[in-house]
Amino acid sequence: MNDSFSLDGKVIVVTGGTGVLGKSFISCIAEVGGTVGILGRNRKMAEESATRINRCGGKAIALCADVTKRNELNNARKLMLDTYGKIDGLVNAAGGIFHEGIIEDNGDILNLNINGLKKVMDLNLWGTVLPTQVFGEAIIRNGEGVIVNISSLAAKRVISGIMGYGLAKSAVEYFTKGIAVELSRKHGDAIRINAIVPGFFTADQSTKLLSGTKKAIEKHNNEILKRTPFKRLGGCDELNGTLIWLLSRASKFVTGTTVIVDGGFNINSGI
Ligand SMILES: NC(=O)c1ccc[n+]([C@@H]2O[C@H](COP(=O)([O-])OP(=O)(O)OC[C@H]3O[C@@H](n4cnc5c(N)ncnc54)[C@H](OP(=O)(O)O)[C@@H]3O)[C@@H](O)[C@H]2O)c1
């Protein structure tokens with residue numbers, strides 16, 4: 001049974017591998033035997049993480065690329081294939097919220113910044129679709145593989161102020177379902193794609209952006225905790241079990257699904 005969770009011999013690219021959650025993802029993939037391509041624009045951070053993993057006996061390489069630029073992703077794919085000969089998996093964890101894409105308190109919803117919304121969607125939606133196309137091509141050539149997208153609770157519940165992010169993550173979830181069906185039609189159960197839906201984690205980005213003052217941050221966090229049955233935020237390593245399950249043979253009959261990891265926030269009516 002335990003072997004079915006192993007990623008021994010599997011070569012996996014993690015976009016957003018230089019981020020807070022991504023850093024935890026790459027470490028746990030390496031711990032269960034996977035070889036990791038750490039993809040981000042921050043070369044120094046990617047190289048430091050790769051060195052750390054290689055020193056501990058794992059296998060990792062830094063891939064410097066912007067997820068919205070096809071030519072940079074093509075170069076990253078080439079480096080990965082030249083170095084390891086194949087790609088078995090992709091984790092689409094690059095994402096985030098920008099100031100231009102949020103609606104401030106008392107902001108005018110009908111006059112929100114369309115360019116800001118587009119910028120957030122460029123990263124979170126097209127920055128998931130494009131790497132899926134580029135690395136998916138190598139995964140299909142490999143004959144089998146797995147893709148895991150990172151969505152957000154903002155796709156399930158309205159979180160005030162972050163319209164662009166919610167639009168993008170909702171589309172990521174539709175993309176996950178749509179492409180799962182299309183891939184299965186062509187490749188049967190050989191290529192799977194799923195999404196993880198994180199709730200509120202200690203690295204929560206909306207907290208950083210939406211709340212200016214200490215008092216406002218406290219209010220925002222208290223509202224989250226009030227609605228979370230576990231009465232705490234998620235720790236950065238608390239998506240890892242779900243990620244390894246979805247990347248490994250342990251989930252070999254699972255595709256097109258979204259797995260919510262949120263301490264019960266989504267199912268709680270508050271009553
Ligand atoms: N933290 C949470 O509470 C939470 C909750 C729900 C969902 N999520 C989702 O989980 C994922 C990871 O979040 P996080 O908290 O780890 O965020 P983070 O620490 O801010 O990291 C964001 C990552 O995205 C990468 N990135 C941003 N723009 C990029 C671009 N144009 N090209 C390539 N890489 C880019 C960054 O790398 P570089 O700076 O090196 O480019 C970084 O690795 C995101 O999709 C986020 O939406 C997070």
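## Talking through H4, the sheet and the ligand shell

Trainee: How far apart are the end C-alpha atoms of H4, and what should the 29 residues span?

Mentor: Keep in mind that this is a predicted model. At 1.5 Å a residue, the 29 residues of H4 should span 42 Å, which agrees with what we have here, because the end C-alpha atoms sit 40 Å apart. So against an expected 42 Å, the value for the ends is 40 Å.

Trainee: On which residue is the kink in H4 centred?

Mentor: H4 covers 114–142, and there's a bend of about 40° along the way. Just after the helix, glycine 143 takes a positive phi of about 95°. The kink itself is centred on tryptophan 126.

Trainee: Okay, the sheet next. Which strands are at its edges?

Mentor: Seven strands make an open sheet, and the pairing is parallel. Read across, the order is S3-S2-S1-S4-S5-S6-S7. Two strands pair on one side only, and those edge strands are S3 (59–64) and S7 (258–261).

Trainee: What stands opposite valine 261 in S7?

Mentor: S6, residues 191–198, pairs with S7 in the parallel sense over 4 bridges. The residue opposite valine 261 is proline 198.

Trainee: Which strands does H3 touch, and what angle does its direction make with that of S3?

Mentor: H3 (residues 70–84) packs on the sheet. There it touches S1 (11–15), S2 (35–40) and S3. Its direction makes an angle with that of S3 of about 155°.

Trainee: And H8, what angle does its direction make with that of S5?

Mentor: H8, residues 240–247, packs on the sheet too, touching S1, S4, S5, S6 and S7. With the direction of S5, the angle is about 150°.

Trainee: Last one: which element gives the largest share of the shell around the ligand?

Mentor: 28 residues surround the ligand, with Gly19, Gly40, Arg41, Asn42 and Gly95 the closest. By class, the shell has 12 nonpolar, 13 polar and 3 charged residues. H1 (20–31) and H4 each supply at least two residues. The largest share, 3 residues, comes from H1.

How values were computed: Residues numbered from 1 in each chain as written. Predicted model: local features only at pLDDT ≥ 70, side-chain atom pairs only at ≥ 80, totals over all residues. Near = placed C-beta within 6 Å. Nonpolar A, V, L, I, M, F, W, Y, C, P; charged D, E, K, R; others polar. Pairing = 2+ DSSP bridges. Contact = placed C-beta atoms within 7 Å. Axes fitted to C-alpha atoms, helices over the stretch in contact; angles between N-to-C directions. Expected span 1.5 Å × (residues − 1). Bend = angle between axes of the 7 residues up to and from the residue.
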